[in-house]
Amino acid sequence: MTNRIDTTMASLRAEGKAALVPWVTVGYPDIATSEEMAVAIMESGADMLEMGVPFSDPLADGPTIQMASFRALENGTTLRDALGSLRRLRERGVDSPLIFMGYLNPFISYGMEEFAKEASDAGMDGIIIPDLPPEEAPPYQAVLASHNIHLIPLLAPTSTEARIEQACKQASGFIYCVSVAGVTGARSELSGGVEGLVRRIREHSDLPILVGFGVSRQEHVDNIARFADGAVVASAMLDSVSRVPTEEAAETAARFVRGLRRKSGVTSNDSYIRTMN
């Protein structure tokens, strides 16, 4: 069975474009508004969407996503609600890849087999679990793979060669390259070491590599497109949403994405094209 992540990344590669992947936290500012934001974002030029599953101890996340997760939990948002949002987005015609990002405990509590089946039926394409190390991933990966869901690994500037090699051997869909040794959050400049990290990862895998954490401006996205296959933008967009009334959230998020798309996504990623030919 074909996975939307694979077809989308192959299509972008053929066009010489890099992926733009924004983020919504399910349930922030509320469930209905997060779904409106998701639809508006996809209609504004995003290629894939990360859907954050709120969790009480988001150890990889900085203040913005912590705030959004806390607000979503205050609203009573659960993993079951996140699956419901996913299903409704598909029913509304969103056909781009949808990827959950969440922490391991809720999935274990739900039951990984049950979760994977329901998520696949709802239309999920991939999942990122920041607190699942590669050494412990195979049993979960097997369950997810049986339902055509990619388990996407995270690699950071501090990752050893052995850790990079192991994660790449297990990876499917794409590899998430963390640009900083720290938590999520908008930053004025990208880490100077991220391009080197991408080169290190490429020595072990031909999968697409997306860069996230700290990506906040159009020039960041354009720069990433020179050496990687896409950029993930989360905190900077949520920051803009947090400053407006709830009824303006969807248009604010859409405007933010259109700004990133104004020049981005048209740069040939020669290094990736060479590895695939």
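**Close-up 1. Lys117 and Asp121 form a salt bridge within helix 6.** In this predicted model, Lys117 is partly exposed, with a relative accessible area of 45%. Its partner, Asp121, counts as exposed at 56% relative accessibility. The closest N and O atoms of Lys117 and Asp121 are 3.0 Å apart. Both residues sit in helix 6, which spans residues 112-122. Because Lys117 and Asp121 are four residues apart in this helix, about one helical turn separates them.

**Close-up 2. A salt bridge between Asp229 and Arg202 links distant parts of the chain.** The N to O distance between the two side chains is 3.1 Å. Asp229 lies in the loop between helix 10 (218-227) and strand 9 (230-233). Arg202 belongs to helix 9 (residues 194-202). Along the chain, Asp229 and Arg202 are 27 residues apart. Are the partners buried or exposed? Asp229 has a relative accessibility of 3%, so this residue counts as buried, the cut-off being under 20%. Arg202, at 13%, falls under that cut-off and therefore counts as buried.

**Close-up 3. Glu251 pairs with Arg258 in a salt bridge.** Here the closest N and O atoms are 2.6 Å apart. Glu251 is partly exposed, with a relative accessible area of 39%. Arg258 also counts as partly exposed, at 36% relative accessibility.

**Close-up 4. Arg4, Arg90 and Asp125 belong to one salt-bridge network.** Shared partners join these three residues. For context, a search of the whole structure finds 16 salt bridges.

**Close-up 5. Helix 2 packs against helix 12.** Helix 2 covers residues 31-43, and helix 12 covers residues 249-261. Two numbers describe such a packed pair: the angle between the axes and the distance between the axes. For helix 2 and helix 12, the angle is about 30 degrees, and the axes are 8 Å apart. Angles under 35 degrees count as roughly parallel, so helix 2 is roughly parallel to helix 12. The crossing of the two helices is right-handed.

**Close-up 6. Residues of helix 2 and helix 12 meet at the contact.** Helix 2 contributes Thr33, Glu36, Met37, Ala40 and Ile41. Helix 12 contributes Ala249, Ala250, Ala253, Ala254 and Val257. How do these residues divide into nonpolar, polar and charged? Eight are nonpolar, one is polar and one is charged.

Key
Residues are numbered from 1 along each chain as its sequence is written. This is a predicted model: local features need pLDDT of at least 70, side-chain atom pairs count only at pLDDT 80 or more; totals for chains, interfaces and linings use all residues. Side-chain values use heavy atoms; hydrogens and water are left out. Axes are lines fitted to C-alpha atoms, for helices over the stretch in contact, and angles run from 0 to 180 degrees between N-to-C directions. Angles under 35 degrees count as roughly parallel, over 145 as roughly antiparallel, 65 to 115 as roughly perpendicular and the rest as oblique. A crossing is left-handed if the near helix is turned anticlockwise from the far one by less than a right angle, and right-handed if clockwise. Contact means heavy atoms within 4.5 Å. Ala, Val, Leu, Ile, Met, Phe, Trp, Tyr, Cys and Pro count as nonpolar, Asp, Glu, Lys and Arg as charged, and the others, Gly among them, as polar. A salt bridge is a side-chain nitrogen of Lys or Arg within 4 Å of a carboxyl oxygen of Asp or Glu. Buried means under 20% relative accessible area, exposed over 50%, partly exposed in between (1.4 Å probe, protein chains only).
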